[in-house]
Amino acid sequence: MIVNSLNRRGFLKASALLSAGSLFGVPLFSDGARAQAQKLTVRMDNDISILDPGYMVGGTEIETQNACLPCLVNLDLEADVYSWKPSVYVEKFEQRDPTHYDFTLKPGFKWSNGFGELTAEDVKYSYERIKTTDWKGNFEALDHVELTDKYSGTLVLSQPYAPFAVAGLTSGGSAILCKAAMLKVGGKFTTEIPAVCGPYLIEWTPKQKIAFRPNPDWTGPKPAFAEVDALIIADASAAELAYEADELDATEITSATHARYKEKLPENSAIQVAGSLQYMWLGMNTENPKLSDIRVRKAIQHAVDANQVIQGAYAGITDKSNGIICPGLLGHRTATKYAFDPEKAKALLAEAGVSGLELELKTLNEQERILAAQIIQAQLQAVGITVKVLPLDEGPFWEMGDQSKGDGYKTLEIWLMRFGTNPDPQEATQWFTSDQVGVWNWERWKNEEYDSLYKQGMTESDQEKRAKIYLRMQEIMEDTGAYVWINHESETFVHRTSVNISVLPSGEMQLRDFTKA
Amino acid sequence: MWSYLLKRLGLSAVIVLSALLVLFLLLHLIPGDPARIALGPRATPEVVARYAEKAHLNEPVLVQFWIYFTNALSGDLGVDVFSERSVAKIVLEDLPSTLILAAAGLLWAALIGIPLGCLSAIRPNSWFDRMTGIISVSTIAIPSFLVAIWSLLVFAVTLRWLPAIGGGESGDLADQVRHLILPAFAVGLGWVGYLARMVRASMLEVMNENYIRAAYAFGLTQRTIVFRYALKVAILPTITLIGIGFSGLLSGAVFAEIIFTRPGVGKLIYDMVMNRNFPVVQGAVLITTAIYVLITLLADLLVAWLDPRVRDSL
């Protein structure tokens, strides 16, 4: 709650301070509190709306949950590809077979507000509940949770589901809630978590700050910073200026600022790239008469140089993409089958008997994407394809390939698209199956092998075989000619060298794991 | 006076109702499905359906407007799409911060601008008058967002004298004042020029009136003539200007609020537009429109009360 109290004494005190500051020109106004070693100030890019894991929006809410709610596993960022590791709350977490995960909680973790100990009953309540909420996606394979004793149990899946641990149990919906506290508040909450079990308690000032304060009931590992202030700053540029004004210890930065900081970093600062779980591509509608000939689509693949796009629109700081599986994930590709070759593009167009082709390139109305679209426009012009760039607002953009929204998809030609994903390759591949044609598969191709591999990938537990499945799926996509892979935008942070930050590949900070350098 | 008051109240009601209608239509004029726009492209069909039902989007447009209209009249502006918090509560949380910023900006502008205008009018065409003219035009010409960015870069980033972002700690008045200085400077600077020019022009007109010349003939001091007789009349148009300026700053302070990440109604509207949270946008704009109309009305009534000639002409 915002408190604005003004009285005569306070006014005089403030006036005296101001006068003194202006008279002596001394930096009376530097933020002394933040300089205290035990306190950390970071930026969050959005306010919290709903902290309930079943109904949250994501992002900031996941960061907040991570700081004060338990989970069974964490993402293992040290492994060659993203995998899971047991969290501080568990003694044991093991996959017994493709459908059974056994867990044993460490005894002694206490819920706040006098709700007693964290038990297996809380795990059962939380995960069986999440199946009925908006965030059920990653838990649909969970059948039920069997309890063995007070601290132990088994997560039982209805069928093998390989992404369950990496994508489900490390996702936003995997936070464990206190059953007793939840029942007391009617099974649902918004911004006040009924009981926490983590190093921090939350004090929320709407639209301004989420203050993380020490939880006196916490018996686990003490975080390096007793207090964290997360200032809500939606605008990235404002956050960057605040960082340069020494009012933040860490903030996410834009591609443009990343490029600027590569030249000259602010004092006592370092850059950390957390991950690149986004993939952007130039898509082509295979059913559009202008693009139905695969030679035309392949010509476009050869005509576009993604490296130039990355240099021109993203200041050269994003990873070049070779498919939809992002770096760090099983099945990430390191090369494409096609290469930038304008002469080959011209030859393919000539072979297809196409000349004077005119296309409409649709993109979201965002600065970097429009710039990327303009570079592609110039590259296609060089091989004789005239492109009109059409920036769209979110409403019409996200409906343009959706068959349920009318016939607009029929006239869709080429577009720039970016999706985000989670740390398992299944998420990214699900949008391109045959049943997604007209939903998210706007390129409108169908391939039985792809559909079959998609099903195999979900159940295959052998990592090597799984990697091969996803590599082949991307090859099938590329062979349609409907994709030009562009880049993987990264989640990049700047931070003080006195702080080691911990950020998930999707960009969420894990405040409890921040350490002092 | 009473008929004037009734007429003005009626006009104010029409303005607020028109705003209500425009705000309602806004949601329906934006291309795309309102529910999907608000919830994002990946919202599940169940969530979209639940939102559509809650927001009465499945009803005919006229029915939707009637529900919106009657709810708004009873003070129910709906709920936040995501958190389901009351829109009225969300807007009223941020309103004091904007009111304080607008008041502080106009206060310092008035404290500088009005004396500058007076002194210029007393010595027209002097070097002081010319300097004031240059300063006035310069401050009017510089957009407030540029002032905000420059002052932030100089005083917060480079010199680090003042904080760059936020509204200050709750309950800590000194901290809140520190956080108010740069935004108030940014929103007020342009008003220094406006007020100086307005007061100068009014004063020049008044200073040529017969009763002022008579006062000089009676041997009254210039100070008495200026502050007791001339300024009292010359300030009237300025009161209206300040009233309009204050109302305008309720949403016009948006640049300062965004640049300094300061809580306020302008920033709230901006953030909610970015998040496609249209019920909050509608509620915030409606409340600021109502306040704008109310303050403008009060300023006009104040002028009528202060100046018998205005009162009599009604």
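The following passage describes the fold and surface of two protein chains, A and B, in a predicted model.

Chain A contains both classes of secondary structure, with 17 helices and 21 strands. Its C-alpha trace extends over about 80 × 70 × 40 Å along the principal axes. For a chain of 517 residues, a compact globule would be expected to show a radius of gyration near 24 Å; the value computed for chain A is 26 Å, which agrees with that expectation. Burial is found for 57% of the 517 residues of chain A. When contacts in chain A between residues at least 6 apart in sequence are considered, 69% of them join residues at least 24 apart.

Within chain A, an open sheet is formed by six strands in the order 14-18-13-17-15-16, and the pairing is mixed. The edges of this sheet are occupied by strand 14 (319-320) and strand 16 (386-392) of chain A; each has a single partner strand, so one side of each is left without a neighbour in the sheet. In general, the strands of a sheet pair through backbone hydrogen bonds, in either a parallel or an antiparallel sense. The antiparallel sense applies to strand 13 (residues 278-284) and strand 18 (residues 483-488) of chain A, which are joined over four bridges. A:Trp281 has A:Trp485, in strand 18 of chain A, as its bridge partner.

The accessible surface of chain A amounts to about 20800 Å², and carbon and sulfur atoms contribute 49% of this area. Chain A carries 51 positive and 70 negative charges, the mean positions of which lie 3 Å apart.

Chain B comprises 14 helices and zero strands. Read from the N terminus, its elements accordingly form an uninterrupted series of α entries. The C-alpha trace of chain B spans about 85 × 55 × 35 Å along its principal axes. Of its 314 residues, 52% are classed as buried. Among contacts in chain B with a separation of 6 or more, 70% are accounted for by residues 24 or more positions apart.

For chain B, the accessible surface is about 15000 Å², with 70% belonging to carbon and sulfur atoms. The charges of chain B number 23 positive and 20 negative, and a distance of 11 Å separates their mean positions.

How values were computed: Residues are numbered from 1 along each chain as its sequence is written. Chains are lettered from A and ligands numbered from 1 in the order in which they are written. This is a predicted model: local features need pLDDT of at least 70, side-chain atom pairs count only at pLDDT 80 or more; totals for chains, interfaces and linings use all residues. Side-chain values use heavy atoms; hydrogens and water are left out. Helices (H or I, at least four residues) and strands (E, at least two) are DSSP runs, numbered from the N terminus. The radius of gyration is taken over C-alpha atoms; the globule rule is 2.2 Å times the number of residues to the power 0.38. Buried means under 20% relative accessible area, exposed over 50%, partly exposed in between (1.4 Å probe, protein chains only). Contact means heavy atoms within 4.5 Å. Accessible areas come from the Shrake-Rupley method with a 1.4 Å probe; for residues, only the protein chains shown count as cover. Lys and Arg count as positive and Asp and Glu as negative; His and the chain ends are not counted. The place of a charge is taken as NZ of Lys, CZ of Arg, CG of Asp or CD of Glu. Two strands pair if DSSP finds at least two bridges between them.
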